[in-house]
Amino acid sequence: MSSLQFDNISKVFPGVKALNGVSFEARPGQVMGLLGENGAGKSTLLKILGGQYKPDGGRLLIDGQERHFTSAGDAIAAGVAIIHQELQYVSELTVAENVLLGRLPTRMGFVDHKAARRLVAEQLAAIGVELDPAMRLSELSIAQRQMVEICKAVMQDAKVIAFDEPTSSLSHRETEILFRLVKRLRSEGRTLIYISHRLEELYELCDACTIFRDGRKIVTHEVMADVPRERLIADMVGRELQDIYDYRSRQHGPMRLEARGLHGERLPEPLSFAMRGGEVLGFFGLVGAGRSELMRLLYGADARRGGEVLLDGQPVAASSPADAIAAGIVLCPEDRKEQGILAHSSVAENINISCRRHGLLGGVFLRHGQEAQRADDFIKKLRIKTPSREQEIRLLSGGNQQKVILARWLAEPGLKVLILDEPTRGIDVGAKNEIYKIIHDVAASGCCVIVISSELPEVLGIADRLIVMRDGRISGELTRDTASETAALALALPDGISGVPAAPLH
Amino acid sequence: MTSPARALLKEHSMTLGYLLLFVVLSFSVENFFSSANIVGLLLSVAQIGMVACTMMLCLASRDFDLSVGSTIAFAGVLGAMVLERTGSVGLAIGGGLMAGALIGAGNGVLIAYLRVNALIATLATMLMVRGLAFIASQGQAVGIADEGFISFGDTAFFGLPLPIWMTAFCFLIFGVLLNHTVFGRNTLAIGGNPEAARLAGVRVERLRVWIFLLQGVVTALAGLILSARITSGQPNAATGFELDVISACVLGGVSLQGGKARIFGVVIGVLIMGTVENVMNLLNVDAFYQYLVRGLILLAAVLLDQLKTRGERRN
Amino acid sequence: MTSPARALLKEHSMTLGYLLLFVVLSFSVENFFSSANIVGLLLSVAQIGMVACTMMLCLASRDFDLSVGSTIAFAGVLGAMVLERTGSVGLAIGGGLMAGALIGAGNGVLIAYLRVNALIATLATMLMVRGLAFIASQGQAVGIADEGFISFGDTAFFGLPLPIWMTAFCFLIFGVLLNHTVFGRNTLAIGGNPEAARLAGVRVERLRVWIFLLQGVVTALAGLILSARITSGQPNAATGFELDVISACVLGGVSLQGGKARIFGVVIGVLIMGTVENVMNLLNVDAFYQYLVRGLILLAAVLLDQLKTRGERRN
Amino acid sequence: AEPVKIGFLVKQAEEPWFQDEWRFAEQAAKDKGFTLVKIGIPNGEKMMAAIDNLAAQKAAGFVICAPDVKLGVAVNRAAKRHNLKVMSVDDQLVDGAGKPIADIPHMGISGYEIGKQVGVGLLEEMKARGWKLDEVGVLRVAFDQLPTAKDRTMGAVDALKAAGVPVANIVDAPQAKTDTESAFNAANIAFTKNAKFKRWVAFGLNDEAALGAVRAGEGRGIKQDAMLAIGIGGSQTALNEFTKPTPTAFYGTVLISPKRHGYETAVAVFEWATQGKAPPPVTLTSGTLMTRKNQAELRKQMGL
Ligand SMILES: Nc1ncnc2c1ncn2[C@@H]1O[C@H](COP(=O)(O)OP(=O)(O)OP(=O)(O)O)[C@@H](O)[C@H]1O
Ligand SMILES: Nc1ncnc2c1ncn2[C@@H]1O[C@H](COP(=O)(O)OP(=O)(O)OP(=O)(O)O)[C@@H](O)[C@H]1O
Ligand SMILES: O[C@@H]1[C@@H](O)[C@@H](O)CO[C@H]1O
Ligand SMILES: [Mg+2]
Ligand SMILES: [Mg+2]
């Protein structure tokens, strides 16, 4: 099997030095973790490895041999497989076709659909994923699509496999599967690269790690287990960070938001919950538990079959997101790319799209100066890494895009209820810490904050109270004092399954 | 109803809808259900049908081709001219097809490699090719006298003229191509998500050029057959043809956003277009009202399809 | 070069290119740079220019409108008929605009609420509205005798006829609308990512209906002005107009994928279209070669633009 | 017995001229007791479909104005195949070599001759106004993609040339489409290029083309006293000009009779199919110059 070496790699985009003389090496049978703040250049490095970008300088060596990839096909042919941060699938094709895209088996010139399904079914089974290879990707949940992507990479039988934040849209069960898979691949002697912002994961999987900051390599630790957590964080963000959740208990106000009997197409039964002003309410559950569905109903994004929402005792006629926003309820959606960003618009535009209606000149014209100022303020406040507010948002790193969407809602002046669906997905520790601070600040100002997260430590760390969902139902509620990983998981997992190894708490 | 049965019904609702329409028309419209009329109907959509096969691929790969009408005209004119000069049917057909291939490949290169917007690129070729057809023929129709060539247009096998067989053959070929070859699956992939296809090692640019090239060849073939049927190459033939073909595809469920195509749907789309036209003429509908009816039918068909997909989503 | 200067240059490269072209033509083509010719050129693109303003919005929101040509004809015919019956200029204009608004709103409702594919929906209205124009006028041009109405077509201010002022005014209005209002920004947003826009509080459906409605009104206005210019409402006016307008927009950098639009670009796009036509006629280019040249110019313009964006990406 | 069906296929159903032809053919159908089937055939493909369609309806024969005269062989073959009687109207069908097809009887105008009438009409009025031939610009609104359009305008050109108009005075204004606006734009440019002429005569393939030239002239101050235009057809477009309170530069139009064309051809095919009475091989109808002055009486004469 092969070793992988980056030698003095550089890549410049207009206004951004994404990589600046990065060198390190990954060996066969090793999992090399890559860490770094959002925009540090991790994904860019993988895109160079995958033949998507040409480096502006430096060399890429596999088994000591210099490689120049001019297309993704070259990289695949050289035995490199990449699982990209932004999922790359074709929704109208089947699981089997997606997995074998570009390499469909043929018989006498015709696609051998049966063989394709069999091959993929075998591989899925080997990994431990239950999926029908004949289903179309459009019918699957994001997590399932992610598993398909992983299967695709594994099936290339590559010598070098790189994972770019593979767990960001997986929940517990799939994460387990993935971990097992990574360990197996390592034992087969492949060279693995693993990017994640979740330190627990890195500790569990990686043998060594390399830390990036601002496009530069800071350090490579050859033995991951020896490096203390604080050290990793300090290397990454360039400063010390104590408790990243930074929980502060607050005084809760009177009852503020009540959802009564919300009923929608994908929920088996009507759901209700209520919360006080100043409260941070966590929603936990496995993928597909129905948390997003519930919040979309509340927000007016999906058609309601029944139920009502009361805000400060007054019914909110939210039949569309616009109505909800007008009432002070905002939602930061889970699927950033599909539902969050206006890809070709600028950072400033993405921030101002909603709140600008308050500051119109004569009720009609935009105040460009004010909008620019607001954008700059948020870029500074949330440390959004962008060459300017005019940069197209799609050119930002994933984590920074997330911050821009968050800024969009924090800019709402009449904010009363802030719903965050997986807000820290793909966000670095430093930025997470900032987001948690913001969550607490917003709550402290008397707003309701709802946080959906599949990261158990996170919800436990920041929420005052936790609602757990399972199969479209609310399966239980935990207060901050009674909440623990085991308690939450017991409520989230299907009956009869227990003994799930809990990730170590910080 | 059991779920697979329902799925099947949904899958083929358009087909069933068309069959129903067909039966109703057979009973209500005089002369509709006669072999002469059915043959006439099929002949009237032969060209559209052939080109719809490749247009389906083109749309499925998220592209667009406005130049087909001009290509039909040019291939017909060229074929007729070659025939006039050389008297060789082989050369005439070869020349026409070659021209189609070149036009298609040109479109493909412009769009795939030079990244010109497909609408503009093919609008430009549409103009240029039409210009060439006029220039080559000096604006005059080029007559065809060769009986061998003309027989392509009207020789019948088992009661059906050759053009109908050719169209059926195209549907077969391209159906297989779409569903059972790597070419077809990759076409859907680059339409559904070009980036994903590229990252999976699909040679996106090359594939797109091939699709356009095929489209050019098939369109040229349609043009040659048309010229045989009307015994002349006409420089102003098939104006507006492109919109008819695209409509037939979209009626058949091919998505303009790429990534979705079903050959069966396209067959139905083509038949709907032809049937409407045919019945209106049988019923002697006033020319002005024909516009109205055609618009309404088009709307009705997509609305129906739309309601179906909506209902589906609800379930 | 400093970076902002370069950015500015890049931003306006199309404009600079056009200005260069203009200067070159002024020196090389006899009669080109004369006030009479410039006025004629501007008049010849007045209708296209007006409709391009709203088409820009339509494309920016990732929609498409093929019905504008028919709407021009229908509004003109209707205006002329109302004028004939009532003798009231106000009613004629009001009626025409109202019809345009209805057609536009109809398109909008079909597309936004009933979710019919925009190409098919507007193709259907294109057919139906053209049919209505023929039916209303019985296929005959409807004469206009009212001097007040006719004066809309030829009264001149500061040397420029009213239609040109109207077009300039449209560019101004829609430029402001696009860049300096929520309406414009939201239009770009729904074109860029409709789902994200909806979740960000944009009332997507309503906005789309408004865009089409505006398009209908402006198109009807263009139709009325045209009828004043040619002193009759002609049911077969402006065929093929839709493609001209869309081409002008795309030439001006409006993306068919939605989300991108610049009013300045559209102005340039419209001017390029008009200038090419104008110069070819001044140079006495043969009608058949005009097709060729028009295609080539179209290609050249987008290729140039394309190369520019590519160069940019390389840096 | 079922009534006999006779088809009437025209190349541009939207054109007023063909609407009129149809109207008169309909009249004939009523008078003689047959059924008329009207189908528009904008191109060769649609034409073939329409003939098949007629056969399916068991029609006995049809009258046709084909989208292109060279479609003659195809029309003939299709008619023979389905055993249909066929007669051409307006435009005479020819074979691949350009020779008129003898089997198909024809009634129509000669585009070239009509064009000549336009030229003669212009010459006469110029003379009446005392214009000097070498000082007048001649504007040919051209649409040479269409053979009949070329025939007509070249007929006019030839008539003018024969009378002594200098070739250098003849200016082409190619229109992009056959509507008024295209003619307007084309004429505008021609005026720009030839500012030296203070007086103009103009013509085109139809009334719409002539009208575009007139409006363009007015926009540049070339009004009724400095310009003369004659259209072809005698359509509503022309009549609208004549009803204006003050005369415009739209001086006249060569009126051709849709009545004879529509009525007589339909009857001829009907009688041919039912009584075996073959129509004469060629009947040419002539045009008449219609102006503001003689319009009422002329139209009455023609039964319009
Ligand atoms: N195509 C591009 N054009 C311009 N800038 C880009 C492009 N791609 C990436 N960048 C910039 O390069 C820098 C590195 O981005 P990259 O995606 O590699 O970060 P990352 O480390 O993967 O971050 P994250 O953890 O948020 O995914 C960022 O500042 C980003 O904005
Ligand atoms: N577009 C869709 N089409 C069909 N079913 C869907 C779709 N999106 C979600 N579902 C299903 O609806 C149910 C609830 O999904 P939802 O996204 O609300 O869950 P969640 O708890 O938020 O999980 P996640 O972590 O994936 O966001 C799941 O069974 C899911 O598979
Ligand atoms: O095409 C013309 C038509 O416009 C009418 O003028 C009659 O003759 C035909 O040739
Ligand atoms: Mg990344
Ligand atoms: Mg969710």
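This passage describes the surroundings of two ligands and two magnesium ions in a predicted model, and then the membrane annotation of chain B. Because the model is predicted, local features need pLDDT of at least 70 and side-chain atom pairs count only at pLDDT 80 or more, whereas totals for chains, interfaces and linings use all residues. Residues are numbered from 1 along each chain as its sequence is written, chains are lettered from A and ligands numbered from 1 in the order in which they are written, and side-chain values use heavy atoms, with hydrogens and water left out.

The shell around ligand 2, where a residue is included if one of its heavy atoms lies within 4 Å of the molecule, is drawn from chain A and consists of R266(A), the run L286(A), V287(A), G288(A), A289(A), G290(A), R291(A), S292(A) and E293(A), together with E334(A) and E422(A). Three of these residues are nonpolar, three polar and five charged, in a scheme that counts Ala, Val, Leu, Ile, Met, Phe, Trp, Tyr, Cys and Pro as nonpolar, Asp, Glu, Lys and Arg as charged, and the others, Gly among them, as polar. Oxygen atoms of ligand 2 lie 2.5 Å from a side-chain N or O atom of R291(A) and 2.5 Å from one in the side chain of S292(A), while a backbone N or O atom of G290(A) lies 2.8 Å from an oxygen atom of the ligand. Taken alone, ligand 2 exposes 620 Å², of which the protein buries 64% (accessible areas from the Shrake-Rupley method with a 1.4 Å probe).

S292(A) also takes part in metal binding, since the magnesium ion designated ligand 5 is coordinated by S292(A) through OG and by E334(A) through OE, at 1.7 to 2.4 Å (donors being N, O and S atoms within 2.8 Å of the metal, or 3.2 Å for Na, K and Ca; water is not among the atoms, so sites may look incomplete). S292(A) belongs to helix 9 (residues 291-299) of chain A and E334(A) to the loop between strand 18 (329-332) and helix 11 (336-340), so the pair ties together parts that are 42 residues apart in sequence; helices (H or I, at least four residues) and strands (E, at least two) are DSSP runs, numbered from the N terminus. With 15% relative accessibility S292(A) counts as buried, whereas E334(A), at 24%, is partly exposed (buried means under 20% relative accessible area, exposed over 50%, partly exposed in between, with a 1.4 Å probe and protein chains only).

The magnesium ion designated ligand 4 is coordinated by S43(A) through OG and Q85(A) through OE1, at 1.9 to 2.1 Å. Here S43(A) lies in helix 1 (residues 42-49) of chain A and Q85(A) in the loop between strand 6 (80-83) and helix 3 (95-99), so that parts 42 residues apart in sequence are tied together. S43(A) is buried at 18% relative accessibility, and Q85(A) is likewise buried, with a relative accessible area of 18%.

Ligand 3 is surrounded by residues of chain D, namely K11(D), E15(D), W17(D), F18(D), D90(D), D91(D), I109(D), T148(D) and R152(D), which divide into three nonpolar, one polar and five charged. Helix 1 (16-32) and helix 5 (147-162) of chain D each supply at least two residues of this shell. An oxygen atom of ligand 3 is 2.3 Å from a side-chain N or O atom of D91(D), and the corresponding separations are 2.4 Å for E15(D) and 3.0 Å for R152(D). Taken alone, ligand 3 exposes 270 Å², and the protein buries 95% of that.

For chain B, an unreviewed UniProt entry lists transmembrane regions, among them residues 12-29 and 66-83; UniProt positions are given in the numbering used here, feature names are shortened, and annotations may be inferred rather than shown by experiment. In the model, residues 12-29 of chain B are 89% helix and 0% strand, with end C-alpha atoms 25 Å apart, and residues 66-83 are 89% helix and 0% strand, with end C-alpha atoms 27 Å apart.

Definitions and conventions. Polar contact = N/O pair within 3.5 Å; in protein donor to acceptor, adjacent residues only side chain to side chain.
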